[in-house]
2 protein chains.
Amino acid sequence: MRYAKPWWYKRMIEEGIKFTLQRKLILDVLNRTKKHLSAEEIYFIVRKFYPNIGFATVYRTLDLLTKIGIVIKLNFGDGRMRYELAEKENASHIHLICKNCGKVFEDGGDENEKIKEIEKNISSRYNFKVENLKIFFMGKCENCQKGGD
Amino acid sequence: MRYAKPWWYKRMIEEGIKFTLQRKLILDVLNRTKKHLSAEEIYFIVRKFYPNIGFATVYRTLDLLTKIGIVIKLNFGDGRMRYELAEKENASHIHLICKNCGKVFEDGGDENEKIKEIEKNISSRYNFKVENLKIFFMGKCENCQKGGD
DNA sequence: AATGATAATGAAAATCATTCTCAATTAGGA
DNA sequence: TCCTAATTGAGAATGATTTTCATTATCATT
């Protein structure tokens, strides 16, 4: 076999859910992009390959995949949820959201050490079992700082 | 004068926006509660004191106050935004969200030192001017860990 | 390959938080 | 007090997400 199945394929089988064409296509879209796509955007991209797909399927699939940890659901405050593929490492990257232009940047993971420490402290202090975390820094990006307002 | 005006009063005057009764009542609610209230919840509480207040006023006020930094708008993933009064210190507390029961806990601020460091690194690495930040740890709370699934 | 049980899908309607519109009211300065 | 702009309330509108339900696909067994 030339191409190995992607890691999410295995996870889905483990979970006992089916790796249908629609789910595959949605995951392919998430896998190829670097952006944080909304359900609607994903819908329109998948539609090019599979014009019959329904809106509900996209939402259901994204929810399902979020529930089992294959996908991460993010809210950047623009009124719609956005989705990204969960990567095994680097699960705790920081999102920088520019309040001015709305662009979202991601930290490469340089702060992971420190985040891990915080996570450990929190876990033991509150007896809280951390499964994943989200860190948003809101402010003004380089460009918008120059550009005036 | 027996009671000094609260800090948000000054801020509002500075900003040139009016300290109307409706706005006062909404702020009072936020000031008294320890919970993270939704717009709807705030609406119903204010209604007890001022039955005529409109839904739109609550939303408008919360948006306005969020914009000038008196209020913080949070999304815990339960489909509605939630609001809290911005406290001057402790602005960067960590929210712990239990995926099982939905309860939200807050860290007292013990990690503030480390968070500040991360913030500083990010700022200089990306030339991003951090104005405020949100940190969510999702997982399972003490109670739900015992209680089974 | 046909069958049956179950999971998944598509289309449309329903939901529900939030935003908009606009006429009426209010507040604060001239 | 009068004027003007800001604020408000009611209800309609919006728009993302969910639900419903009839249909279809999947997979393990015959």
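How many residues of domain 1 of chain A are in contact with domain 2 of chain A, and how many answer from the other side? Nine residues of domain 1 of chain A meet nine residues of domain 2 of chain A. Keep in mind that this is a predicted model. Besides that contact inside chain A, there is the one between chain A and chain B, which takes 37 residues from chain A and 38 residues from chain B. Chain A superposes on chain B by a rotation of 179° with 0.0 Å of shift along the axis, and that is the relation of a two-fold axis.

**Chain A at a glance**

- Chain A has six helices and six strands.
- Going along the sequence, the elements of chain A come in the order α-α-β-α-α-β-β-β-β-α-β-α.
- Put a box around the C-alpha atoms of chain A, along the principal axes, and you get roughly 45 × 45 × 30 Å.
- The chain splits into domain 1, covering 1-88, and domain 2, covering 90-149.

**Where the two domains meet**

- Taken over C-alpha atoms, the centres of domain 1 and domain 2 of chain A are 23 Å apart.
- Between them, domain 1 and domain 2 of chain A bury about 700 Å², with 61% of that on carbon and sulfur atoms.
- On the domain 1 side that touches domain 2, strand S2 (residues 71-75) of chain A brings the largest share, namely four residues.
- That side of domain 1 of chain A is made up of three nonpolar, two polar and four charged residues.
- Despite those four charged residues on the domain 1 side, the count of salt bridges between domain 1 and domain 2 of chain A is zero.
- Polar contacts do turn up there: five residue pairs link domain 1 and domain 2 of chain A this way, both residues being at pLDDT 80 or more.

**A tie between helix and strand in chain A**

- Glu41(A) pairs with Arg82(A) in a salt bridge, with the closest N and O atoms 3.2 Å apart.
- Glu41(A) sits in helix H3 (residues 39-49) and Arg82(A) in strand S3 (residues 81-85), so this pair ties together parts of chain A that are 41 residues apart in sequence.

**Symmetry of the two chains**

- With that 179° rotation, the fit of chain A on chain B has an RMSD of 0.1 Å.
- Both copies use the same surface, as 100% of the contact residues of chain A recur in chain B.
- If you want to find the axis on screen, look for Ile135(A): of the residues of chain A, its C-alpha comes closest to the rotation axis, at 2.3 Å.

**The interface of chain A and chain B**

- Chain A and chain B bury about 3500 Å² between them, and 59% of this is on carbon and sulfur atoms.
- Which residues of chain A lose the most area to chain B? They are Ile118(A), Phe128(A) and Phe137(A), together 19% of what that side buries.
- Ten salt bridges cross the interface of chain A and chain B, while a search over all chains of the structure finds 22.
- Take Lys114(A) and Glu117(B), which form a salt bridge with their closest N and O atoms 3.8 Å apart.
- Polar contacts between chain A and chain B come to 24 residue pairs, with both residues at pLDDT 80 or more.
- On the chain A side, strand S4 (94-98), helix H5 (112-126), strand S6 (129-140) and helix H6 (142-146) each supply at least two residues.
- S6(A) gives the most to that side, with twelve residues.
- Sorted by class, the side of chain A that touches chain B holds 16 nonpolar, seven polar and 14 charged residues.

Notes:
Residues numbered from 1 in each chain as written. Chains lettered and ligands numbered in written order. Predicted model: local features only at pLDDT ≥ 70, side-chain atom pairs only at ≥ 80, totals over all residues. Heavy atoms only, no water. Domains from an automatic or database assignment. Contact = heavy atoms within 4.5 Å. Buried area = accessible area lost by both parts, 1.4 Å probe. Salt bridge = Lys/Arg side-chain N within 4 Å of Asp/Glu carboxyl O. Polar contact = N/O pair within 3.5 Å; in protein donor to acceptor, adjacent residues only side chain to side chain. Nonpolar A, V, L, I, M, F, W, Y, C, P; charged D, E, K, R; others polar. Least-squares fit on C-alpha atoms with pLDDT ≥ 70 in both.
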